[in-house]
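Hi,

Here is the structure I said I would pass on. Have a look at it first, and my notes on what turned up are underneath.

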Amino acid sequence: MARTHREDTPNRRGRWLRGVILAAGLTMIPWFILQAQLRPTPHTGEGPFYPVDDSLPADADLTTVPDSQGEPEGQPLAIQGTVRNTDGQPVSGARLVIWQTDIHGKYDHPAEQRTTGSGVPLPKDPNFQYWGKTLTDADGRYSFRTIVPGSYGRRPAHVHFRITHPGYETLASEMQFRGDPQAADDFVTGEEERERLAVRLEAPEDGGTVRASFDIVLAR
């Protein structure tokens, strides 16, 4: 047994030495090569109902409309997230615009032609803002208050996002919802895109506002 142990020792020493050399070599690789790059958020396009004039007054709370007489129909939804670049660094001062349907699947846009089953145009919810805008803070964070949108035709429910910043490519994407029965038949996004864009709704114990986290990665 002792002879066998002496025969194995050089092999073990050789493996150990190769491990030391390999480790030393890795320490010479620049940190920016070792650091994993984040994948940019998929583009899905703006669609036909981007706000006609996004310079008009709007804020990050789509549930509050000046001079409205009540609250919008639908489940209140708080969206929050962080905008980062592919290096994982937060992007401050990014401009986010979101737009979506109301609970009945209607957009507030001149090109919107949806009607009821009897051919009557769907009415607008006077207590819903339909679109909003905000800027990311110093840590790249943003938040919106809105409602869970209704589905539009055969498409799953979604919230459109458009993010701009002078140092990055403009991103037009959307946030979907996990478990939506219409997601599998979506003609705009593929399976991989849907997996990356779908969020899970977190319901509070008091049954009030549901929450969703949607992080965004911009490409240069």
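**Cavity, pocket and cores**

The largest cavity holds about 40 Å³ of space. Keep in mind that this is a predicted model. Searching the whole structure gives one cavity of 30 Å³ or more. Its lining is made up of F49, P51, W99, Q100, Y107, D108, Y130 and W131. Sorted by class, that lining has six nonpolar residues, one polar and one charged.

Then there is the open space. The largest pocket has a volume of about 310 Å³. It is lined by 18 residues, and L56, D108, K124, Q129 and W131 are the closest to its centre. In this lining, 12 residues are nonpolar, two are polar and four are charged. If you click through the two linings, you will meet D108 and W131 in that of the cavity and again by the centre of the pocket.

On to the packing. Which residues touch the most other members of the largest nonpolar core? They are I79, Y142, F161, M175, F214 and I216, out of 29 residues in that core. Several strands feed into it: β1 (76-85), β2 (95-99), β4 (141-147), β5 (158-164), β6 (171-177), β8 (210-213) and β9 (216-218) each give two or more residues. Another core, of six residues, lies apart from this one, and F49, V97, Y107 and W131 are among its members. Three of those names may look familiar, since F49, Y107 and W131 also line the largest cavity.

I216 is a good one to click on. Leaving aside residues up to four places away in sequence, I216 touches T41, T82, V83, R84, L96, Y142, F161, I163 and L171. Y142 and F161 are on that list, and both also belong to the group with the most core neighbours.

For the overall layout, the protein chain has three helices and nine strands. Starting at the N terminus, the order is α-α-β-β-β-β-β-β-α-β-β-β, with two helices ahead of a run of strands, then a further helix and the closing strands. Of the 220 residues in the chain, 38% are buried. Taking contacts between residues at least 6 apart in sequence, 74% join residues at least 24 apart. As for the surface, the chain exposes about 13000 Å², with carbon and sulfur atoms supplying 54% of it.

Over to you!

Definitions and conventions:
Residues numbered from 1 in each chain as written. Predicted model: local features only at pLDDT ≥ 70, side-chain atom pairs only at ≥ 80, totals over all residues. Heavy atoms only, no water. Core = buried A, V, L, I, M, F, W, Y, C linked by side-chain atoms within 4.5 Å. Buried < 20%, exposed > 50% of the residue type's maximum accessible area, 1.4 Å probe, protein only. Helix = DSSP H or I, 4+ residues; strand = E, 2+ residues; numbered from the N terminus. Contact = heavy atoms within 4.5 Å. 1 Å grid on protein atoms, 1.4 Å probe; cavity = no way out; pocket = protein on both sides within 12 Å on 5 of 7 lines; lining within 4 Å. Points joined across faces, edges and corners; volume = space filled by probe spheres on them. Nonpolar A, V, L, I, M, F, W, Y, C, P; charged D, E, K, R; others polar. Areas by Shrake-Rupley, 256 points an atom, 1.4 Å probe, with all protein chains shown as cover.
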